[in-house]
Structures are given as structure tokens and as C-alpha cells.
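Dear colleague,

Here is the structure that I promised to hand over to you. Please open it first, and then read the notes underneath with the model beside you.

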Amino acid sequence: MVSVYYKCRMRWCPSSVLHLLRCLRSRSCCRRGRNNRLPPWIRDTWAYMTVLARSLYFNSLTDSDVVFDSIFEPVFWTVDYVTRWFGMVFVCLVVLLTSSIVVIAYVVLLPLVLNTYSPAWIAWHVCYGHWNLIMIAFHYYKAAKTCPGYPPTEKNDRPFVSVCKKCIIPKPARTHHCGICNRCILKMDHHCPWLNNCVGHLNHRYFFSFCLFMTLGCVYCSISGRNLFLDAYNAIERFKHLDMEKPGIPVTGMGLLIGLFPPGQASYQTPAPPYTFKDKMINKSIIYMWVLTSTVGVALGALTIWHAVLISRGETSIERHINSKETKRMAKQGRVYRNPFSYGRLNNWKIFFGVEKRSHWVTRVLLPSGHAPHGDGLTWEAHQVKKDLIPV
Ligand SMILES: [Zn+2]
Ligand SMILES: [Zn+2]
């Protein structure tokens, strides 16, 4: 029975079981004198039980990374679970905040622009504002709703670089497993809680364009609303002080103590400030809009610049870590690491945006476009392009 068991184990984990058997044999040799006193059937059963127990935890591939992952698995699981659960909350937050800015722009700013600006400035603000708004809404919707791209689960003859330990399927190059989506993602960049979706091969362009146009929109609101913000802030501060100086009776000396008016003055009223509730709300809306757009503009601007740098290098966020590790490792050996998926700075941008001719810079980058990305995301040719893809 023991030999049958060994055969079964040999089929799927030969190296570990062989190692255990060697250990077992060497130990049994050492303890032969003592174990000899036991009946053979007890020794066999003991050997069988020992192998069985050790096969449950022995793994020749165990290293510090595996131990670290195992210890922190509950923490990772909790973070993944919370992110998954909060996904819709974050999406609703993005939609609500963006909608609030759009409502303020239409209700408060547009009438001001139409009443005070010259026709040329009115045309600029109306055209740019609407174009930017359409680009933000289109790219956000597409980034959130487009599937990032998954590797095939059925048998196929596509080349792959490893096997996912969680999905138990072959992983093509640049594919990574997302713990939140709980599946493998083609050319995975990261899981974005603000989209409640993974950013991968099929929606990476939408994600970047959304970040870019949202930053542009925030910078536009922040710059064009700067003077309005200062006026609104000063108005609120001015009337806050006036509110504190309530209309009343300027009595002094004994009059203050006994509550009498000065002689010849029955009452004294300061004129009520011409500051209505509507003015107050308009000023507060402008302050809210300026603070929100400036903050988001700076934070999202930094993120957009970082992603632009990665795209120029032909890397994803995950590959940035992998490549920097490889660069250090190879530098120690006196060698230079080169990213196999970088095809030159301009070509990386052309591939990223799917620009195949000059007009695409306008139709596919500056206008809403739902074209498919370059390649299928399953096969990647390393350093495939030596010259310019398109003579642009
Ligand atoms: Zn996976
Ligand atoms: Zn994901």
C-alpha cells in the first residue's frame, strides 16, 4: 500500500517526495538500533504517516516571499474586499463631484460669461468647455465599462510566459493577476478604484485620456475662475465681519450698564448690507469649485505626468517595479537592462493611442474614438520596431 501511495505521489510531486524519502532513509539508518526493536508493521506505518504529514507542508520552492505573502494574506484579502465593496461608492463620488462642478459652471459661471465677456471670449469658453466636458464623460464611461482584456481560458497554442497560481491558466507576456477582480488581466497596469475596474490592454487608453482631460478641465476651471474666486472670497470675508457688527445701539459709559440710549437718540441702526442669500450661495459655489478643481488638478496632474512617463518608456505601472528590479540586478552583473516592450518614445505613443496615420492624431486623440488598441494583448514582439511606425 505504501508503494502504491509513493507511486501516486511521484506522479505530481516527485522532487519533494524523493527528498523526503532520502531524509527518511538517512534518519532510519541512524536510528536503526532503536527502531529495530519495533515490529516491522509499526515501522512501516510510522514511515507512511511521517511521509503523509510532511507532504502536507513541504515545498522546495518556499522562500521569504512565500512566507511574507502567507502571513499578510488576511491583510491583502481585507484590502481587496474593501476596495471591491467600495468600488461603486468611489464611482458615485466621481460622478457626483464632476456633476456638481458642471452644474455650477452652467448655473453660475455661464450667465456671468455671457453678460460680461466679449464675443470672442464667449465663443472660446463655450467651445472649449463643452469639448472638454464631452472628452471627460466619454473616456470615463469607456474606461469604467470596457473590459480590460482577459487571457483565454480554453486550450490554445498561444505562447505564454508562466501559469497563474490562482486562475491555473497560462499567462501571456505582460499579463498579471488582479486580486480584486480575481482574474488575470492582459497588459495589466493597475486596479483603479475610481473606475471600479482594472486598467488593462483594452481600456488603458481610455483611462489615460480620462486623466489627461480631467486634469485639463480642472486646470481650465482653476485658471479661468481665479479672479472670480478671489472676488467671492473677499466678499464672503467682508460680509462675515459685517455680520459680526450687528445693527444695534452705540451706548457708552453708564448707559452701557443701565441700558439707556444716549440723550436725543431713541435708536441707531446701521444700514443692512445688500448681500442676499443668493449672492452668498453663488460666492460659496465659486469657492467650492475653485478649491476642488485646483486640488484635483494638482493631484491628478501629477498622476497623469507619471503615466505619461511610463507610456513614453513603454511600461505599465507593474512593469515599472519589475524593470527597476531587473535594472539593478543586471547592473550588479555589469550588464544593461533594456525593456523588451519599448519601441522608441514616439512609437510607444503611436502604439498607445493607435495612431496609424497623421489624421489619427486629431480623430483618435483629440476627439472621442472607440477604436481597438494596437495588437491583441496576447502576443508581444520584443523590440519589434527599429524604425518609425508611421512617418508622422
Ligand atoms: Zn490569474
Ligand atoms: Zn482588477
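Apart from its neighbours within four places in sequence, Leu300 is in contact with Cys211, Met214, Thr215 and Cys218, where contact is taken to be two C-beta atoms, placed from the backbone, lying within 7 Å. Leu300 belongs to helix α10, helices being DSSP runs of H or I with at least four residues and strands runs of E with at least two, numbered from the N terminus. Leu300 counts as buried because it has 20 C-beta neighbours inside 10 Å; the rule is that 20 or more other C-beta atoms within 10 Å of a residue's own make it buried, 12 or fewer make it exposed, and anything in between makes it partly exposed. Although Leu300 and Cys211 are 89 residues apart in sequence, their C-alpha atoms are 6.6 Å apart in space. Seen from the other side, and again leaving aside neighbours within four places in sequence, Cys211 is in contact with Leu300, Leu303, Thr304 and His307.

Please keep in mind that this is a predicted model, in which local features need pLDDT of at least 70 and side-chain atom pairs count only at pLDDT 80 or more, while totals for chains, interfaces and linings use all residues. Residues are numbered from 1 along each chain as its sequence is written, and chains are lettered from A and ligands numbered from 1 in the order in which they are written.

Cys211 also appears in the largest nonpolar core, which has 36 residues and in which Ala143, Phe207, Phe210, Cys211 and Met214 have the most contacts; such a core is a set of buried Ala, Val, Leu, Ile, Met, Phe, Trp, Tyr and Cys residues joined through C-beta atoms within 7 Å. Helix α7 gives the most to this core, with 10 residues.

Ala143 is one of the buried residues of α6, among them also Gly129, Met135 and Tyr140, and what covers the buried residues of this helix includes α5, β6 and α7. The axes of α5 and α6 come within 12 Å and cross at roughly 170 degrees, an axis being a line fitted to C-alpha atoms, for helices over the stretch in contact, with angles from 0 to 180 degrees between N-to-C directions. The two helices α5 and α6 are therefore roughly antiparallel, a label used for angles over 145 degrees.

For the chain as a whole, there are 13 helices and six strands, and 21% of the 392 residues count as buried.

With best wishes

Technical notes:
Angles under 35 degrees count as roughly parallel, over 145 as roughly antiparallel, 65 to 115 as roughly perpendicular and the rest as oblique.
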